[in-house]
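Reader: I've got the sequence and the fold open on my screen. Can we walk through some of the inside details together?

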Amino acid sequence: MALTQRLDLRQSQSLVMTPQLQQAIKLLQLSNLELADYVDREIEQNPLLERDDGPADGGSDVPADGGDGRGGADGERERAGGGDDAGADGGEAPPPADPLRMDSATLASSEVLPADREGPLDTDYDNVWTNGSLAGDGGGDWSGRGGRTDFSDDDYGLDQVASGEASLRDHVVSQINVELGDPADRLIGLALLEQLDEAGYVAGDLDALAVQLGISAARVEAVLARLQRFDPPGIFARSLKECLAIQLREKDRLDPAMQALVDHLDLLAARNVPALLRICGVDAEDLSDMIAEIKALDPKPALRFDRHVAQTVTPDILMRPQPGGGWLIELNSDTLPRVLVNQRYFTRVVGEVRSKTERDYINERFHSANWLVKSLHQRATTILKVASEIVRQQDAFFVHGVQHLKPLILRDIAEAIGMHESTVSRVTTNKFMATPRGLFELKYFFTAAIAGADGEAAHSAEAVRHRIKTLIDAESADAVLSDDRIVEVLRVDGIDIARRTVAKYREAMRIPSSVQRRREKALRL
């Protein structure tokens with residue numbers, strides 16, 4: 001076979017991911033906080049983009065049975081065509097107010113005293129403060145003398161300034177300075193302070209610390225013993241057992257029986273009541289009181305300091321019932337960035353460019369701004385479509401509760417709204433919906449299916465988990481349900497499930513086994 005060279009002409013189609021398409025796909029999966037940061041960066045980089053500070057448009061109400069989400073265009077209309085300021089209609093801005101001019105409205109609101117009522121006769125005008133200067137000071141300017149120019153009612157006193165919360169380090173250092181008089185002991189105390197973890201335990205090796213400081217391990221132990229008497233109780237412990245013992249010693253409750261209980265926390269975690277009764281040498285009532293005291297202690301004493309404020313979740317979609325039945329779905333306008341393209345500025349800049357490079361840059365920025373506005377509009381419409389279809393298919397959940405949650409996968413929503421599964425997956429990532437039953441992430445409504453018994457309809461895995469938790473919560477002390485018994489009860493309800501699946505769901509909900517639950521209920525009795 002001879003090798004030859006030749007030219008062939010072929011025609012093919014391929015999908016090219018342009019930067020604009022990549023941007024649109026990226027916007028779909030961003031949360032509202034990430035989207036706000038992204039838009040802020042784009043506004044900083046693009047001189048033609050500006051934020052729309054006008055009144056927020058309310059999210060479009062879309063019936064859940066509609067599913068097309070076309071109303072989203074009204075709630076998030078594209079603002080690329082508008083960019084004029086208040087004076088864009090050709091009118092000039094009003095002139096600034098003249099501070100020396102008083103019109104009739106100003107005179108009407110001013111308080112003018114008659115000549116015979118200008119003030120009390122004993123008034124010393126040299127000592128009258130007129131909110132900016134002394135009457136006898138000729139209205140002197142105080143701005144060059146430092147400080148405020150007046151003493152108006154808006155001033156804040158020291159009693160109105162909120163004091164900041166002390167950190168754990170500041171709290172411990174203040175105690176070290178008072179309790180430890182020897183400078184060497186203070187140095188050891190500060191070194192031990194640096195080895196505390198977030199729970200307040202000493203995480204480092206004391207022998208290594210002694211070698212590092214060039215002192216004996218016995219002196220480090222002695223300083224540590226003094227630090228363990230600091231506030232909060234339990235700090236500077238090296239284990240959970242030592243932390244609880246320190247707090248019990250502080251309350252004068254560390255007797256031999258309590259010490260035996262603290263030494264066998266593993267049996268307490270396993271709810272092994274007979275073994276604890278034998279080891280502690282007390283009766284069931286005393287053991288119950290001792291366990292109650294253990295539960296009242298703080299296993300992580302340092303967490304009361306340096307608390308981080310939990311960030312609340314702002315919903316992207318709002319849902320409420322219609323008066324005549326059904327549901328209304330709308331986008332939360334507070335989470336939607338309102339951006340517009342300033343075409344007025346674009347027209348002025350294009351007419352003043354001096355080179356082809358500048359013209360290309362301005363045109364590229366203009367197309368990028370228009371594409372961002374279009375992508376934001378498309379993102380809002382897509383979210384509204386997906387949310388409306390989810391509500392339509394999970395209507396029984398919102399009406400009757402979690403036990404009526406249906407099995408749902410991404411393909412079901414994608415086929416209903418005519419989109420790809422990957423698009424639905426991006427839309428449901430980090431998106432939350434406020435419903436009459438609470439705040440849920442859109443991913444919550446997608447659950448695996450568990451086959452029904454005797455060919456019945458499939459059940460949602462989340463509904464099955466809820467059913468298992470309900471059965472366990474309702475069990476009595478003399479009738480604790482084992483995993484095999486739960487399987488039998490669920491099969492009677494038409495749910496075909498294996499015992500290992502029940503155990504997996506139970507452990508995921510942090511519910512102990514039937515043996516441990518039986519011991520715990522016996523201990524409560």
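Reader: Let's begin with empty space. What is the volume of the second largest cavity?

Author: Keep in mind that this is a predicted model. Rolling a probe the size of a water molecule over the atoms shows where empty space is left. Here, two cavities of 30 Å³ or more turn up. For the second largest one, the volume is about 40 Å³.

Reader: Which elements give two or more residues to the lining of that second largest cavity?

Author: The lining is made up of Asn32, Leu35, Asp316, Leu331, Thr335, Leu336, Arg379 and Ile383. By class, that comes to four nonpolar, two polar and two charged residues. The elements giving two or more of the lining residues are helix H2 (32-45) and helix H15 (356-393).

Reader: Now Thr428. Is Thr428 buried or exposed?

Author: Thr428 sits in the loop between helix H18 (421-427) and strand S6 (432-435). Leaving out residues up to four places away in sequence, Thr428 touches Val386, Ile390, Leu410, Glu441, Leu442, Lys443 and Phe446. Its relative accessibility is 0%, and the cut-off for burial is under 20%, so Thr428 counts as buried.

Reader: And the polar end of that side chain: which residue has its backbone oxygen 3.2 Å from a polar atom of the Thr428 side chain?

Author: Thr428 is in the loop after H18, on the way to S6. The backbone oxygen that lies 3.2 Å from a polar atom of the Thr428 side chain belongs to Ser425.

Reader: That loop has Asn430 too. What is the phi of Asn430?

Author: Asn430 is likewise placed in the loop between H18 and S6. With 33% relative accessibility, Asn430 counts as partly exposed. Most residues other than glycine have a negative phi, and most peptide bonds are trans. Asn430 is not a glycine, yet its phi is positive, about 60°.

Reader: Where else does a residue that is not a glycine have a positive phi, this time of about 70°?

Author: Look at the loop between helix H8 (217-227) and helix H9 (240-250), where Pro232 also has its place. A cis peptide bond joins Asp231 and Pro232, with omega about 0°. The residue with the positive phi of about 70° is in the loop between H8 and H9 and is buried, with a relative accessible area of 0%. That residue is Phe236.

Reader: On to helix H20 (residues 483-492). Why do its buried residues line one face of the helix?

Author: The buried residues in H20 are Asp483, Ile486, Val487, Val489 and Leu490. An α-helix has 3.6 residues a turn, so residues three or four places apart point the same way. Seen down the axis of H20, the buried residues line one face because they fall within an arc of 165°.

Reader: What do the buried residues of H20 pack against, and which residue with a positive phi follows the helix?

Author: The packing partners of the buried H20 residues are helix H19 (461-473) and helix H21 (499-508). The residue that follows H20, with a positive phi near 90°, is Gly494.

Reader: Last one: how far apart in space are Phe440 and Val313, C-alpha to C-alpha?

Author: Phe440 has its place in strand S7 (residues 438-441) and counts as buried at 14% relative accessibility. Not counting residues up to four places away in sequence, Phe440 touches Phe397, Lys431, Phe432, Met433, Thr435 and Phe445. Phe440 and Val313 are 127 residues apart in sequence, and their C-alpha separation in space is 10.0 Å.

How values were computed: Residues are numbered from 1 along each chain as its sequence is written. This is a predicted model: local features need pLDDT of at least 70, side-chain atom pairs count only at pLDDT 80 or more; totals for chains, interfaces and linings use all residues. Side-chain values use heavy atoms; hydrogens and water are left out. On a 1 Å grid over the protein atoms alone, a cavity is a set of points where a 1.4 Å probe fits but cannot get out, and a pocket is an open set with protein on both sides within 12 Å along at least five of seven lines; lining residues have an atom within 4 Å of a point. Grid points are joined across faces, edges and corners, and a volume is the space filled by probe spheres set on the points. Helices (H or I, at least four residues) and strands (E, at least two) are DSSP runs, numbered from the N terminus. Ala, Val, Leu, Ile, Met, Phe, Trp, Tyr, Cys and Pro count as nonpolar, Asp, Glu, Lys and Arg as charged, and the others, Gly among them, as polar. Buried means under 20% relative accessible area, exposed over 50%, partly exposed in between (1.4 Å probe, protein chains only). A polar contact is a pair of N or O atoms within 3.5 Å; within protein, one must be able to donate a hydrogen and the other to accept it, and residues adjacent in sequence count only if both atoms are side-chain atoms. Contact means heavy atoms within 4.5 Å. The arc is that of the directions from the helix axis to the C-beta atoms.
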